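Please keep the sequence and the three-dimensional view side by side while reading. The paragraphs that follow begin with a helix, turn to the ligand and its surroundings, and then visit several individual residues.

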Amino acid sequence: MISTIQQRSDYTFKANRSLGRHGWLRLTPAYGVKLVEKLLANVDREAIVLDPFSGTATTALVAAELGHEAFSFDINPFLIWLGNAKSRNYSQQCLIDIRKQVKQVLKEYKILIGSDNWTPKIFHIERWWSSDTLKILSALRTALVNQFGEPEDHDDYNLVWIAFCRLIIETSSAAFNHVSMSFKETVSEHNCEYIDELFISIIELILMSAEQNICGSVQVVKVDARHITELDGIRIDKVITSPPYPNRISYIRELRPYMYWTKFLNEAKEAGELDWLAIGGTWGIATSRLNYWEVEDETLPDEILATVNSIKISDGKNASILGVYVLKYFYDMHLHLSSIRSVLKDGCELHYIVGNSTFFGNMVDTAALLSESMRVLGYSQISSEIVRKRNCNKALYEYCISATWSAG
Ligand SMILES: C[S@@+](CC[C@H](N)C(=O)[O-])C[C@H]1O[C@@H](n2cnc3c(N)ncnc32)[C@H](O)[C@@H]1O
């Protein structure tokens, strides 16, 4: 049966690119709008929706487009900013002003090229942009700051900064042919005319889709999903989410070009610190800290401990530390599944999209292990089904785990 399962790109970020606000900025591990719509079909419009792992706010935005009140949590400050910017309404006057002012900036910024403009401290920046492209982008950034302020200064001008993020990625040598971002063989050269035209086309695309108002509401809030305490007394009817998988993908690594250019990240050591807070974080200091990390709670299901032990005793390089990595992942997810119970309404339905992974030939059956955590924590009606195949060659799948919370 498993061999007939398809890769279903309509359930991934790929299908989001043509869907208005959902297509503004890519995050490869984002899931597809269609998947969320399917999970929200037949859900009462009054139902309050939560995504405790917001990412690009796909769940919250789909829910609000359908008229729901939606909440979303993340620990990454850039994604919190992006999620709120993607899902608020902008007045017609604001869109007109942006269009006019951007045209003015594009007429005037060229005199700044060659001046000592601010550039981000991205490691090996020359791998991303040629020195000439970099001069143009940093002059344009300076002019945009003079006109609109920094990204966090004015909510109304968020759209300009989302467009700028898209410009920097489209002029870079970033390649997206793997799950994780890599580099093209060569770094392209771009001139001012090309960059101006590209920026105008991106701005137009974003302004056009921002014209469509959203009827529900979204709040993306900074909350560590391992320690959810309360939500101003609000109780959640439906959880739809995709937490990190135990696959060593670092969201900070994926997002670093955007985060540096918008000043949400200023130097390399901050990246490691942020990744240490992320479940499954594995970049820089986050990996070396695993050497000293110990589990504090003994209530983890035996199945998790058995999987971790089989990884630790395999003869692969760094098997022991990767065993700790997997243990910490399931420990953190257990903390999450425990703490989220405090904001759930009786009868709340939860849907978690997760992927399995392998370490030295040991299958980490994420869906089965998280289902065990849910069982230990008192969730009921726990089931899981395969949603799609993730990789042509390997036995890697995405699953949807569903469960119900009854306070009983
Ligand atoms: C797979 S992504 C979610 C993608 C999302 N479904 C989308 O469509 O864009 C997982 C998200 O979990 C966030 N995250 C990781 N650890 C977290 C934590 N401790 N608390 C809250 N969010 C966390 C990451 O920053 C990342 O944005």
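Helices (H or I, at least four residues) and strands (E, at least two) are here DSSP runs, numbered from the N terminus. In that numbering V308 has its place in helix 12, which spans residues 302-312. The model is a predicted one, in which local features need pLDDT of at least 70 and side-chain atom pairs count only at pLDDT 80 or more, while totals for chains, interfaces and linings use all residues. Residues are numbered from 1 along each chain as its sequence is written, and side-chain values use heavy atoms, with hydrogens and water left out.

V308 is buried, with a relative accessible area of 4%, where buried means under 20% relative accessible area, exposed means over 50%, and partly exposed lies in between (1.4 Å probe, protein chains only). From V308 to A403 the separation is 95 residues in sequence and 24 Å in space, C-alpha to C-alpha.

Turning to the ligand, the surrounding shell holds 22 residues, of which T56, T58, D74, A225 and I279 come nearest; a residue is near a molecule or strand if one of its heavy atoms lies within 4 Å of it. By residue class the shell divides into 14 nonpolar, five polar and three charged residues, with Ala, Val, Leu, Ile, Met, Phe, Trp, Tyr, Cys and Pro counted as nonpolar, Asp, Glu, Lys and Arg as charged, and the others, Gly among them, as polar.

Which backbone atoms approach the ligand as polar contacts, that is, as pairs of N or O atoms within 3.5 Å (within protein, one must be able to donate a hydrogen and the other to accept it, and residues adjacent in sequence count only if both atoms are side-chain atoms)? A polar backbone atom of Y31 is 3.1 Å from an oxygen atom of the ligand, a polar backbone atom of G55 is 3.4 Å from an oxygen atom of the ligand, and a backbone N or O atom of L277 lies 3.4 Å from a nitrogen atom of the ligand. Taken alone the ligand exposes 600 Å², and the protein buries 99% of that, with accessible areas coming from the Shrake-Rupley method with a 1.4 Å probe and, for residues, only the protein chains shown counting as cover.

Helix 14, residues 366-376, is mostly covered, since eight of its eleven residues are buried; the buried residues are T366, A367, L369, L370, S371, E372, S373 and M374. Just after helix 14, G378 takes a positive phi of about 95 degrees.

Two further helices each hold a residue worth locating. R166 sits in helix 7 (residues 158-170) and is buried, with a relative accessible area of 18%; a polar atom of the R166 side chain lies 3.2 Å from the backbone oxygen of W24. E204 is found in helix 8 (residues 192-210), where it is partly exposed at a relative accessible area of 24%, and its C-alpha atom is separated by 45 Å from that of F359, 155 residues apart along the chain.

Finally, two loops contain residues other than glycine with positive phi. D232, in the loop between strand 5 (217-222) and strand 6 (236-241), has a phi near 50 degrees and counts as exposed at 70% relative accessibility. K263, in the loop between helix 9 (251-261) and helix 10 (268-277), has a positive phi of about 65 degrees and counts as partly exposed at 32% relative accessibility.
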